[in-house]
Amino acid sequence: MAQSIFWLAWSRGVVQLLSFATTVLVARILVPADFGVMALAGMFIATAGLLAEMGLGGAIVQFRDLDRRELNTCFWITVTLAAIAYAVLSLGASVIATWFAVPRLAEVLPVLALGLPVNACTVVSGSLLRKRLALDRVSQAEIIGAVVTLPVMLCCALAGLGVWTLVIGSLVGWVVRGAVIFAFAPWLPGLRIGGERASLTTLGITMLWAIREQSDVAVIGKITGQVTVGLYSMAKDLAMLPTAKISSVVFLLSSPMMAELQTDIAAMRRAFFRAVRLTASIALPASAGMALVADDMVAVLLGPKWLPAVRVLRLLCLYAAVRAVDVLLPPVLFARRRQRFLFWYFLALLLAVPSAAALGARWAGAPGAVMLLTPVYCGLVTIVTKEALAELKGSFSELWFETWPILAATAAMAAFVLLLREITFAGRTEPPLIELILLSVTGAVTYLGALFALGRTVIGEGVEVVSWILRRHHFD
């Protein structure tokens with residue numbers, strides 16, 4: 001377990017750094033319209049991939065006694081559905097391109113869809129690794145994929161390939177990561193299939209989540225056009241970058257852990273609140289800090305052509321912070337067999353969030369979409385939080401007690417950085433890089449100082465986790 005945490009933490013840091021470097025370097029060469037085409041194509045690929053997977057990966061992690069026939073069934077179902085999805089997207093690419101008024105989609109979508117069967121082949125292997133908490137192997141596969149992808153994308157961008165840089169980079173990353181995972185997992189598919197354990201509710205949850213997850217891009221792309229959706233997708237990638245890796249780590253660890261502890265409410269409760277504290281202590285200040293320095297960050301990292309994305313980036317930071325923490329809720333409800341409630345929750349998300357985004361986009365473009373969808377999303381998250389806390393025999397007052405030092409330290413950081421900008425940098429002409437560095441360092445020091453004064457429990461837990469990461473050999 002400690003070895004898995006070691007690799008998971010280090011790999012997420014390395015992958016995040018490589019992803020960030022790739023995004024920044026490629027974005028300085030390409031134009032927002034290229035990212036707009038890729039965002040629209042990626043929306044269909046991500047949705048189709050999740051639909052093809054049908055929640056079977058999560059089922060493999062959750063069930064303890066799956067036999068080989070059932071694993072074979074999962075493999076052939078996902079591969080078959082992925083092949084069907086590839087055929088549908090390839091044949092319908094021209095219709096999709098016409099509907100979005102983005103002709104380039106007709107060329108990009110069939111090529112990018114090749115990743116669907118590639119990813120489907122590793123669903124069972126990757127799930128078996130996560131089930132055994134062999135997260136070090138999963139992490140190593142992601143690092144290798146990121147290391148190979150970065151130079152490939154840079155070469156393509158410098159060669160003037162435009163949007164094909166993003167397409168080729170995605171395909172290379174998927175192929176390399178899939179090959180490594182398949183090599184690590186001691187399982188190969190067979191032809192004997194069977195098994196009766198299947199949950200239509202879980203399948204429904206997966207389908208609803210897959211569609212909802214990409215609905216904002218579809219709505220904004222249809223209403224505002226490919227340039228605006230390119231700016232929006234870049235802003236969303238940046239806003240989610242610090243928290244997305246945290247969320248993936250937390251989800252990979254919490255899903256099998258909550259499934260294992262599902263009959264021990266006290267242990268689940270302790271694990272949940274500990275995960276909330278550790279996740280919030282990173283996600284909240286990271287999102288708040290990014291919102292405060294968004295203009296300098298975009299100017300320094302991406303260049304002037306991306307400055308229209310600054311307003312959307314600031315608005316998305318609150319959404320990103322909530323997303324980083326709410327990933328802890330579904331594993332609790334899944335472990336407690338609340339799939340039916342989750343189905344209705346994701347259905348409500350699918351109906352309410354895109355509707356709010358559409359109204360906002362027609363009102364004020366991408367910023368309007370974010371301004372309306374964020375409170376709707378947060379309201380629905382409040383409902384699912386109440387249910388998860390009830391399963392753990394907890395309450396909102398207890399959640400507040402566990403997180404108020406983090407909120408207070410984040411507020412102190414924000415106030416100090418804003419004051420510093422208004423007093424020290426107002427009317428001055430320092431280069432954006434200098435201002436970005438000074439504000440970032442000052443904010444980090446202020447946050448850590450305030451958290452040390454108010455939340456020593458969080459500091460202690462953070463130090464403990466860091467010691468696990470840095471002193472791996474004590475646990476091997």
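How many residues does helix 14 have, and how far does helix 14 reach from its first C-alpha to its last? Select residues 310-326 and you have it: 17 residues reaching 25 Å, close to the 24 Å expected at 1.5 Å a residue. The expected span here is 1.5 Å times one less than the number of residues.

Some ground rules before moving on. This is a predicted model, where local features need pLDDT of at least 70 and side-chain atom pairs count only at pLDDT 80 or more, while totals for chains, interfaces and linings use all residues. Residues are numbered from 1 along each chain as its sequence is written, and side-chain values use heavy atoms, with hydrogens and water left out.

**The whole chain**

Zoom out and switch to cartoon: you should find 19 helices and zero strands. Both are DSSP runs numbered from the N terminus, with helices being H or I of at least four residues and strands E of at least two. Of the 476 residues, 53% count as buried; that means under 20% relative accessible area, with exposed over 50% and partly exposed in between (1.4 Å probe, protein chains only). Among contacts (heavy atoms within 4.5 Å) with a separation of 6 or more, 83% join residues 24 or more positions apart.

**Back to helix 14**

Pick Leu-316, where helix 14 bends by about 30 degrees. That bend is the angle between axes fitted to the seven residues ending there and the seven starting there. Leu-316 is also one of the buried residues of this helix, as are Tyr-319, Arg-323 and Asp-326. Helix 14 is largely enclosed by the rest of the structure because 12 of its 17 residues are buried.

Now show Leu-313 as sticks. Not counting residues up to four places away in sequence, Leu-313 touches Ala-235, Leu-238, Ala-239, Met-290, Ala-294, Met-297 and Val-298.

**The nonpolar cores**

Next, add Leu-105, Phe-272 and Leu-302: with Leu-313, they touch the most other members of the largest nonpolar core, which has 122 residues. The largest share of this core, 20 residues, comes from helix 16. Such a core is a set of buried Ala, Val, Leu, Ile, Met, Phe, Trp, Tyr and Cys residues joined through side-chain atoms within 4.5 Å. Another core, of seven residues, lies apart from it and includes Leu-129, Val-176, Ile-181 and Ala-185.

While you're on helix 16 (residues 339-391), click Thr-385. Thr-385 is buried at 11% relative accessibility, and touches Leu-329, Phe-396 and Leu-399, leaving aside residues up to four places away in sequence.

**Aromatic stops**

Rings of Phe, Tyr and Trp (its six-membered ring) pair if their centres lie within 6.5 Å; planes under 30 degrees apart are stacked, over 60 edge-to-face and the rest tilted. That rule gives eight aromatic pairs. Select Phe-75 and Trp-76: their ring centres are 4.9 Å apart and their planes at 85 degrees, so they sit edge-to-face. Phe-75 is buried at 6%, whereas Trp-76 is partly exposed at 34%.

Then try Trp-99 and Phe-100, with centres 4.9 Å apart and planes at 90 degrees, so this pair is edge-to-face too. Trp-99 is exposed at 51%, but Phe-100 is buried at 6%. Add Phe-44 and you have one aromatic cluster of Phe-44, Trp-99 and Phe-100.

Last click: Lys-222, which lies over the face of Trp-99 at 4.2 Å from the ring centre. The test for a charge over a ring is NZ of Lys or CZ of Arg within 6 Å of the ring centre and within 35 degrees of the ring normal.
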